[in-house]
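Colleague: I am new to this one. Could you walk me through it?

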Amino acid sequence: MERPVVVNELGAPLTPDANGHPPAPHDGQSGASTPPLIERPVIVEVLGPHGQVRTRTRLAALPAVIGRGYDSDVLIDDPHICPRHAELVRNDGGVLLLRDLGSVNGIGARTGGARPTSIALASGDRVQLGTVSLRVLELDHPVSAATPLAAAGSITSSILHPWRALAICAGAWLALALLSYQASTEGEAVVSAVQQSVYTFVAIAIWAGGWGLATRIVSHRFRVLSHAAWAAGLTIVMAVIVATDEWLDFLFPGAGMASLLTGMGAMLLLPLLVAGHLEIASGMSRSRRWRAAFVVGAVAAIFIVVISLGDDDSRYTQALDYSGRLKPLPAQMVPTVTLNDFMESVAELRDEVDALAEEDAPVTTPSDEPLPPAEPAAPAPDED
Amino acid sequence: MHSLTRVACVLAVAAALGNTARPAGAQQLPVGTAEVFRRHADRVVRIQVVESGSAAKSTLGSGFFVGDGLVVTNYHVISRLVTDSARHRAELTDTRGETHPVRVLAIDVVHDLAVVHSDASPRSTFDIKPVELDQGERLYALGHPHDLGLTITEGTYNGPLKYVLYPKILFSGSLNPGMSGGPAIDTGGRVVGVNVSTAGNEISFLVPVDRVIALLERVRRPETSARSSLLAEAALQLRAYQDGYIARIFSDSIKRVTLGRFSLPTEPAPFFKCWADADRDEEDPYESVQHFCSTDDHVFISGEQSTGLLSLTHELLINKTLNPFRFHALYSGAFQNVLGSDVPFADAHAVTPYKCETRNVRRAEISLRAVFCLRKYRKLEGLYDALIKAAVIGSSETGLVTTLSLSGVTFENAHVLARRYLEQIAWNDQ
């Protein structure tokens, strides 16, 4: 963003202004002796604190008054703005100028130095007024090309529609219930499967509700259903990843891939989850959404690493970590090794635990220290 | 099934067991007992291990003089001097109330014996010689139950236990915590064994006197030199003892049991005891049959670790109404379930975490999901705990999960036994 040029600091104001600066000797717009050569309309946007466009006004003729007063040409509803706050004019050179009309809070960023009385603006420049910003745009200001509807940039566009969102939620619920049913081994499987899926969905609903409230703060809608559909959809994707992981681990236990896919899936889906919710919630730009999403992903990753570092493995001497998932598949379709091969790979275990015993020394206790000479535990050969 | 309780002298244990003990003095003793006590009482001592920091006793047991300043007791009475020597010291108190510091000379960790030395000068000592007795002969055990003072209790000699991994004499009398290491003598005052453990209700165990003789011989042999440490000695003894019995496990003449479509090994050696159970609930959509074999006795190393137990478990699952996915959810659960009895207790100071290797193995027309898990003893060189699990894959009608748990074995022995064991899993051809 280019900095607006503060004209009066340059020492050579192009036009006279309300504060009594002398007009240039051969030129004077407010004098109305020479009207502007060509009247060019201009667009004024009022931007919120996060850059979102609040209002957009097309001004057919300048000068135009900007302020909180109802007779303003550009009306800004902000307590820090004066009824007649500033004036937008165009000088003879065609340059747009924003002039302070003696406002309380002034124009431009508060730098602590001298308050600018007049700021020159090029098309697309932003200037601060109170807590909002103004952006002026000439009619020929370039605009970006239209985004195609099916673009990948809109990962959530399809679930913004309430009926589609509802359909996705219902589908996800059914899938979760089915998964719970297949995982249950009790007689009352259907009841417990429905219960399980209800618990999961209550959790999803609470999550979506939180995002809904956040959405309501930045826009005028809750979009809870879309948030729920997004979270439920990704839950199902995660379930599919976990299931794939289990099958791979069942078929190829020696490949050492146990939980690899699940871990990678979780690391990818978490930023995706956040990015999707942000897209549903706000008009945040794509790059900012992804930046936020990856910050969340990175924080989660750091959190997981810290937690796992805190987990002192050596304390769990009773825990056995092996992939014991069994899957319904005919024996001839399962890749196998011979008993000899298995016993060979087992031999490597010995080196592993020997290394553990060496490097991963137990927490030092006094018993691990050398014996003090005063109390020999071993018998001296010459006694008795 | 019962688990043996060491006549442990750890005070916490003593306190916990206090109420269940039947006081030996409550019964009317035959005339001879008083005489036996009068003759031999001053040969028996109280041994306590003191934690240096707190100066409070952490273990209490008994022992007896055998001449040359030597005192015989249980290894588990003085184990802290071996495993945590810097923080502990031991002392004995004789019947005159004199206290002398003691020093460990030799241990036999497999048979739970130790020989310690002190400067005490007893009026008389036990002469240790081989003894032959008939079943039913009267025995007297002496010791300090619950630190209540020197006590004599009567019982009956019921001979050596048959089919056990670690030899013991069955003494039908009450041994209680604190009596560990005390002598069990016949009416003539000959030492028959050393009080060691109890299974409650007058079922008690003695270490046979021939193990004491062997240990004393080692102590008195001039060439017996000190090893680098008693811990290294303990590890060596445990490794050497295995060489005697590992070859007898899963030998060719092994017994087999038929579970569903499977023919499986059972009672891998005569010193295993086997049990079976079944869950057949009408409402459950499956049935489960369990078969379990164990050596039932362990070797005491320290309070932070138990070792020496071998066990074998088969669990057959029969599907009644579950679809293949649900049956496999059940089957996975059974395969992932590790019983407490499969994993010997051990503290992080004593062992490394487990590391496991998993493969799908095909052998003799049978496909198995096989797992081998291993952890190493940190303080006892060359010893490991191993857990071998296998599940038959490919069927949604029946499943079989089988587990072999080996504790305190060398890696070579674990490897050999795992192979022999997996080779024994077969279809039932009949």
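Here are a few questions and answers about the cores and strands.

Modeller: Happily! This is a predicted model, where local features need pLDDT of at least 70, side-chain atom pairs count only at pLDDT 80 or more, and totals for chains, interfaces and linings use all residues. Residues are numbered from 1 along each chain as its sequence is written, with chains lettered from A and ligands numbered from 1 in the order in which they are written.

Colleague: Which strand gives the largest share of the largest nonpolar core?

Modeller: A nonpolar core is a set of buried Ala, Val, Leu, Ile, Met, Phe, Trp, Tyr and Cys residues joined through C-beta atoms within 7 Å; buried means 20 or more other C-beta atoms within 10 Å of a residue's own, with C-beta atoms placed from the backbone. The largest has 129 residues, and Ala386(B) is among those with the most contacts inside it. Strands are DSSP runs (E, at least two residues), numbered from the N terminus. Seven residues, the largest share, come from β23 (residues 384-392) of chain B.

Colleague: Which residue stands opposite Ser263(B) in β25(B)?

Modeller: Strands pair if DSSP finds at least two bridges between them. Two bridges join β15 (residues 262-266) of chain B to β25(B), and they run antiparallel. Opposite Ser263(B) is Ala426(B).

Colleague: Which residue takes a positive phi in the hairpin of β9(A) and β10(A)?

Modeller: Four bridges join these antiparallel strands, residues 126-129 and 132-138 of chain A. Two residues lie between the strands, and the one with a positive phi near 60 degrees is Gly130(A).

How values were computed. A residue is buried if 20 or more other C-beta atoms lie within 10 Å of its own, exposed if 12 or fewer, and partly exposed in between; C-beta atoms are placed from the backbone.
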